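Welcome! Open your viewer, show the chain as a cartoon, and keep the selection tool handy.

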Amino acid sequence: MKPLDEYKKKRRFSATPEPPPTTARSTSGRLFVVQKHRASHLHYDLRLEDGGVLKSWAVPKGPSLDPATKRLAMAVEDHPVDYAEFEGIIPEGEYGGGTVMVWDRGTYEIEGQTDVASALHKGELKFTLHGAKLKGSWVLVRTRNRQWLWIKHRDEYASTDDITVTNPTSVSTGRKLAEIAADEGGDAEKAATGDPASVPSVPTPKVRRARRAKA
Ligand code: MN
């Protein structure tokens, strides 16, 4: 299979605004992005550039700064490097239909002497993130097949604060997930569901009822 074949096969580019499967490197060649994605469920997508593509993992609970917390990360298909810019709506009914936010972005460095491809092949990648939100040392460890654990190493950036709650907005536009959905013709109510950060700006019917009952 060619790079991005799986990415291409899963999508209809006549229907989705996601970038086409072209290979183009970033300037650093070591870009990373974490996208917050409300599809059927809210999750976060970790992507690390290597060899002209973004190696990608879907992380149901998102990153944790606490070294005691191991976050499940399911390896998914490689994405084009341009995907790191993508924030907006994937139409309902299309693959991954819902709202996508650029939650964090920056560059990363691999720790140690090996290259990224062989570290991933061996099932353990230690790396340093230089993001707006995520910084310092991390590791991805494969447990089986596509299943990995994403863990923060103990360093000055480790914390027990839940950064997905304290820092919920887009690093590129400052918007909450529901605001992206509302701005771009998506389903704002769906985008707010399960996202505590979005509830105040786009209340769900349940929240509206609760507020009326209080008033
Ligand atoms: Mn996703």
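Below is a tour in short stops, each with something to select and something to look for.

**Before you start**

This is a predicted model, in which local features need pLDDT of at least 70 and side-chain atom pairs count only at pLDDT 80 or more, while totals for chains, interfaces and linings use all residues. Residues are numbered from 1 along each chain as its sequence is written, and side-chain values use heavy atoms, with hydrogens and water left out.

**Stop 1: a strand and its partners**

Select residues 53-59, which make up strand β3. Strands here are DSSP runs of E with at least two residues, helices are runs of H or I with at least four, and both are numbered from the N terminus. Of the 7 residues in β3, 6 are buried; buried means under 20% relative accessible area, exposed over 50%, and partly exposed in between, using a 1.4 Å probe and protein chains only.

Now add strand β2, residues 42-50: β2 and β3 pair in the antiparallel sense over 7 bridges. Two strands pair if DSSP finds at least two bridges between them. Look across from Tyr-44 and you will find Val-59 in β3. With 2 residues between them, β2 and β3 form a hairpin, and Gly-51 in the turn has a positive phi of about 60°.

Next, add residues 70-80, strand β4, which pairs with β3 in the antiparallel sense over 5 bridges. Here Trp-57 stands opposite Ala-75 in β4.

**Stop 2: the manganese ion**

Which residues are the protein donors of the manganese ion? Select His-37, His-43 and Asp-45: their donor atoms, ND1, NE2 and OD in that order, lie 2.2 to 2.3 Å from the ion. Donors are N, O and S atoms within 2.8 Å of the metal (3.2 Å for Na, K and Ca), and water is not among the atoms, so sites may look incomplete. Along the sequence, the donor residues are spaced H-x5-H-x1-D. His-37 is buried at 9% relative accessibility, and Asp-45 is buried at 5%.

**Stop 3: rings that meet**

How many aromatic pairs does a search of the whole structure find? There are 7, where rings of Phe, Tyr and Trp (its six-membered ring) pair if their centres lie within 6.5 Å; planes under 30 degrees apart count as stacked, over 60 as edge-to-face and the rest as tilted.

Select Tyr-7 and Tyr-83, an edge-to-face pair with 6.0 Å from centre to centre and 90° between the planes. Tyr-7 is in helix α1 (residues 5-9) and Tyr-83 is in the loop between β4 and β5 (88-90), so this pair links parts of the chain 76 residues apart. Tyr-7 is buried at 0% relative accessibility, and Tyr-83 at 2%.

Then move to Tyr-108 and Phe-127, whose ring centres are 6.4 Å apart with planes at 85°, so this pair is edge-to-face. Tyr-108 belongs to strand β6 (residues 98-110) and Phe-127 to strand β7 (residues 124-131), 19 residues apart. Tyr-108 is buried at 2% relative accessibility, and Phe-127 is buried at 0%.

Finally, show Tyr-7, Phe-13, Tyr-83 and Phe-86 together: ring pairs link them into a cluster.

**Stop 4: a helix end on the outside**Select Asp-183 in helix α4 (residues 177-183). Asp-183 counts as exposed at 53% relative accessibility. Add Ile-89, 94 residues away along the chain: the two C-alpha atoms are separated by 9.7 Å.
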